[in-house]
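Hello,

Here is the structure for your project folder. My notes follow below it.

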Amino acid sequence: MELTEGILQYRKKDFSGVDFSDLELCGYSFEECRFNGADFSRFSGKRCLFVHCDFSYAHMSGAEFDGCVLTGCLFRGASLFCVGLYECKATGTSFDQANLAGLTIRRGNFSYASFAGCDLRKIDLQGVGLAHADLRRCNLRQAKLCGADLSHAMVQGTDFREADLRDSLLSGA
């Protein structure tokens, strides 16, 4: 299944294995869709909506999401190598077991998101909302967390060595 010209909204569609590489989408809406193993290399999404979508094992190297909503999504085993998430809302999204090397997150709300066990060393999360996020067993060595909201985040077993936590909200963490 591929995108149909003129249709901007998709619900419960299976896009598994579809090639979205080098595609630019603006204002599209995807709800409860499957993107398992899809290729999003160098994809560009602006103001798109992805709600309860499954991106397991998707290839997303170099993709950029700008002002997108990615709530309740699953990225298990996905490769988000050098992906940019700019001013996105990803509440309740799971990044567990994903390759997040080179991931860039600028601002945005990732409350209730799960990064459990992820390698996030040297990541820049300045000013990012991570309230109630699951950061257990993460590697956040040398991460920039200035001004991040980490209130009530789960941080058991997380490595914060050399992380910059200035002006972060840490109540209940």
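His52 is exposed, with a relative accessible area of 51%. The cut-offs are these: buried means under 20% relative accessible area, exposed over 50%, and partly exposed in between, with a 1.4 Å probe and protein chains only. His52 sits in the loop between strand 5 (49–51) and strand 6. Its phi is near 50°, a positive value in a residue other than glycine. Strands (E, at least two residues) and helices (H or I, at least four) are DSSP runs, numbered from the N terminus.

Some ground rules. This is a predicted model, where local features need pLDDT of at least 70 and side-chain atom pairs count only at pLDDT 80 or more, while totals for chains, interfaces and linings use all residues. Residues are numbered from 1 along each chain as its sequence is written, and side-chain values use heavy atoms, with hydrogens and water left out.

A second positive phi

Asp167 also has a positive phi, near 60°, and is not a glycine. It belongs to the segment after strand 9. Asp167 is exposed, at 71% relative accessible area.

Two buried residues after strand 9

Ser168 is also in the segment after strand 9. With 13% relative accessibility, Ser168 counts as buried. A polar atom of the Ser168 side chain lies 2.4 Å from the backbone oxygen of Leu145. For reference, a polar contact is a pair of N or O atoms within 3.5 Å; within protein, one must be able to donate a hydrogen and the other to accept it, and residues adjacent in sequence count only if both atoms are side-chain atoms. Leaving out residues up to four places away in sequence, Ser168 touches Leu145, Cys146, Gly147, Ala148 and Leu150. Contact here means heavy atoms within 4.5 Å.

Asp159 is in the segment after strand 9 too. Asp159 is buried, at 17% relative accessible area. With residues up to four places away in sequence not counted, Asp159 touches Cys138, Asn139, Leu140 and Arg141.

Cysteines

How many disulfides does the structure hold? The count is 0. Cys53 is in no disulfide; its nearest cysteine sulfur, that of Cys73, is 4.9 Å away. The cut-off for a disulfide is a pair of cysteine sulfur atoms within 2.5 Å. Cys53 is buried, with a relative accessible area of 2%. For Cys82, the closest cysteine sulfur is in Cys118, 16 Å away and too far for a bond. Cys82 is partly exposed, at 40% relative accessible area.

Sheets

Strands pair if DSSP finds at least two bridges between them. One open sheet has 5 strands in the order 2-4-6-8-9, with parallel pairing. Its edge strands are strand 2 (24–26) and strand 9 (104–106), and each pairs on one side only. Neighbouring strands in this sheet are turned by 5° against each other on average, direction ignored. Those angles run from 0 to 180 degrees between N-to-C directions, with axes fitted as lines to C-alpha atoms (for helices, over the stretch in contact). Within this sheet's order, strand 4 (residues 44–46) pairs with strand 6 (residues 64–66) in the parallel sense over 3 bridges. The bridge partner of Lys46 in strand 6 is Asp66.

Another open sheet is formed by 4 strands in the order 1-3-5-7, again with parallel pairing. Strand 1 and strand 7 (69–71) stand at the edges with a single partner strand each, so one side of each has no neighbour in the sheet. The twist averages 5° from one strand to the next. Strand 1 and strand 3 pair in the parallel sense over 3 bridges. Tyr10 stands opposite Phe30 in strand 3.

Aromatic pairs

The structure holds 23 aromatic pairs. Rings of Phe, Tyr and Trp (its six-membered ring) pair if their centres lie within 6.5 Å; planes under 30 degrees apart count as stacked, over 60 as edge-to-face and the rest as tilted.

One pair is Phe15 with Phe30: centres 5.8 Å apart and planes at 85°, so edge-to-face. Phe15 is in the loop between strand 1 (9–11) and strand 2, and Phe30 is in strand 3 (residues 29–31), so the pair ties together parts 15 residues apart in sequence. Both Phe15 and Phe30 are buried.

Phe43 and Phe65 form another pair, with centres 5.4 Å apart and planes at 45°, so tilted. This pair links distant parts of the chain, 22 residues apart: Phe43 is in the loop between strand 3 and strand 4, and Phe65 is in strand 6. Phe43 and Phe65 are buried.

Best wishes
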